[in-house]
Amino acid sequence: MKITVAGVNKEVADNLTVAQLVIDEKVETPEYVTVIINDGFVESGAFESTTFKDGDVVEFLYFMGGGQ
């Protein structure tokens, strides 16, 4: 199955979960990552049960606090 991860086309296993992709992609600070599939946010509690479909587009976002 093919998906696009952060702009890169990748061949991945069928039934790949978001949780496994986070591990496979060596996402830094996975406890703070937000995952978007096809412009929709995935709840962090659903990472283990959410799987990808052929052609999905995935992005990893990090929200950073800051300011004074």
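Here is a short tour of the model, one selection at a time.

Before you click anything, note that this is a predicted model, so to speak of a local feature takes pLDDT of at least 70, side-chain atom pairs count only at pLDDT 80 or more, and totals for chains, interfaces and linings use all residues. Residues are numbered from 1 along each chain as its sequence is written, and side-chain values use heavy atoms, with hydrogens and water left out.

**Whole chain.** Start with a cartoon view. You should find one helix and five strands, in the order β-β-α-β-β-β along the sequence. Helices (H or I, at least four residues) and strands (E, at least two) are DSSP runs, numbered from the N terminus. The C-alpha trace spans about 45 × 25 × 20 Å along its principal axes. Of the 68 residues, 35% are buried; buried means under 20% relative accessible area, exposed over 50%, and partly exposed in between (1.4 Å probe, protein chains only).

**Select 33-37.** This is strand β3. Five of its five residues are buried. Val-33, Val-35 and Ile-37 point one way, while Thr-34 and Ile-36 point the other. In a regular strand the side chains alternate between the two faces of the sheet.

**Add 57-62.** Now you have β5, which pairs with β3 in the antiparallel sense over five bridges. Two strands pair if DSSP finds at least two bridges between them. Look across from Val-35 and you meet Phe-60; across from Ile-37 sits Val-58.

**Add 40-42.** Strand β4 runs antiparallel to β3, joined to it by three bridges. Here Val-35 stands opposite Val-42. Two residues lie between the strands of this hairpin, and Asn-38 takes a positive phi near 50°.

**Add 2-5.** Strand β1 pairs with β5 in the parallel sense, over two bridges. Thr-4 is the residue opposite Val-57.

**Select Val-35, Phe-52 and Phe-60.** Which residues have the most contacts inside the largest nonpolar core? These three do, in a core of 18 residues. Such a core is a set of buried Ala, Val, Leu, Ile, Met, Phe, Trp, Tyr and Cys residues joined through side-chain atoms within 4.5 Å. The elements giving two or more residues to this core are β1, α1, β3 and β5, and α1 gives the most, with four. In soluble globular proteins, nonpolar side chains tend to be buried together.

Stay on Phe-52 and show its surroundings. Leaving out residues up to four places away in sequence, Phe-52 touches Met-1, Ile-3, Leu-16, Thr-17, Val-18, Leu-21, Ile-37 and Val-58. Contact means heavy atoms within 4.5 Å.

**Select Phe-63.** You'll find Phe-63 in the segment after β5. Buried or exposed? Phe-63 is exposed, with a relative accessible area of 60%. Apart from neighbours within four places in sequence, Phe-63 is in contact with Thr-34 and Phe-41. Draw a distance to Thr-17, 46 residues away along the chain: the C-alpha atoms are separated by 22 Å.

**Last stop: Tyr-32.** Tyr-32 lies in the loop between α1 (18-24) and β3, and is exposed at 58% relative accessible area.
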